[in-house]
Amino acid sequence: MAVTVKTPEEIELMRKAGKILAQVHEELGKIIKPGLSTRDIDRIGEELIRSYGCEPSFKGYQGYPASICVSVNEEVVHGIPDSRHYIDEGDIVSLDAGVIYRGYHSDAARTHGVGEISEAARLLIARTRESFFEGMKYAKEGNHLHQISAAIGTYAKRFGYGVVRDLCGHGIGSMLHEEPEIPNYKCLRRGIKLKAGMTLAVEPMINLGTEDVVWLDDDWTVVTEDMSLSAHYENTIVITREGPEILTLTESEIIDGVIEDL
């Protein structure tokens, strides 16, 4: 399937989907605390998504049983919410969610520290976020896709982190996953030339230790092979001639801007 360039009308629908998802993430970030179950987070997240008149992108997608992927500590992505899995002080919790607004998807992820977390965990979360914005420096028409990939991976590698290679970002639009795949590391080829109107979900997944991951027996949850911490940061973007329009940021996140180099 070819990479699609969206019409202005399609982009506007995705813009609205993105704004709603950004708000959902902001509200979920406020409720995470010790003693909350990962199933509680999923339930609240689904209620929020539906309260905005949207459908959760993930629920039932290829059999996934929940609306919010809740991944704790060494869980990289696709953690299945469980009423018996409680959040503890010092955990880091990655939330990955998508919404469907009038047939179009947005997709975004955030990693949160619960209470007092270690300095290593704080830096991992911050630098994973920053690696996304390093990639955004190349997300404009005329550049090549893998310039984004290289910038993400090069930044993360500066700190000795493991950059997950077995999972990647993706195109997005009327389907949750479209072409192209978007690695988070330097590739041998340049990748496609970026065109205005392309819509992408760029999502660094960065580990404190090894880059290697394994799938658990539930066939969904991905964990670090060495059980080290992992962080995840994702936004849905539109390529323009001037640079990326990031659809899944709240106004406060836009004002905050890019974090300083750590």
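In the predicted model, strand 6 and strand 10 (residues 205-207) are joined by two bridges and run in the antiparallel sense. Within this pairing, Val163 lies opposite Ile206 of strand 10. Both strands belong to an open sheet of three strands, arranged in the order 6-10-13 and paired in antiparallel fashion. The edges of the sheet are occupied by strand 6 (162-163) and strand 13 (230-232); each has a single partner strand, and one side of each is therefore left without a neighbour in the sheet. Helix 3 (residues 119-136) packs on the sheet, where strand 10 and strand 13 are touched by the helix. The direction of helix 3 makes an angle of about 40 degrees with that of strand 13.

A packed pair of helices was also examined. Two packed helices are described by the angle between their axes and the distance between the axes. For helix 1 (residues 8-31) and helix 2 (residues 38-51), the angle is about 150 degrees and the axes are 10 Å apart. Because angles over 145 degrees count as roughly antiparallel, helix 1 is classed as roughly antiparallel to helix 2. The crossing of these two helices, helix 1 and helix 2, is right-handed.

On the side of helix 1, the contact is formed by Val24, Glu27, Leu28 and Ile31. Helix 2 contributes Ile41, Ile44, Gly45, Leu48 and Ile49. Classified by residue type, the contact of helix 1 with helix 2 comprises seven nonpolar residues, one polar residue and one charged residue. The charged residue is Glu27 of helix 1, and the polar one is Gly45 of helix 2.

Conventions: Residues numbered from 1 in each chain as written. Predicted model: local features only at pLDDT ≥ 70, side-chain atom pairs only at ≥ 80, totals over all residues. Heavy atoms only, no water. Pairing = 2+ DSSP bridges. Helix = DSSP H or I, 4+ residues; strand = E, 2+ residues; numbered from the N terminus. Contact = heavy atoms within 4.5 Å. Axes fitted to C-alpha atoms, helices over the stretch in contact; angles between N-to-C directions. Parallel < 35°, antiparallel > 145°, perpendicular 65-115°, else oblique. Left-handed = near helix turned anticlockwise from the far one by under 90°.
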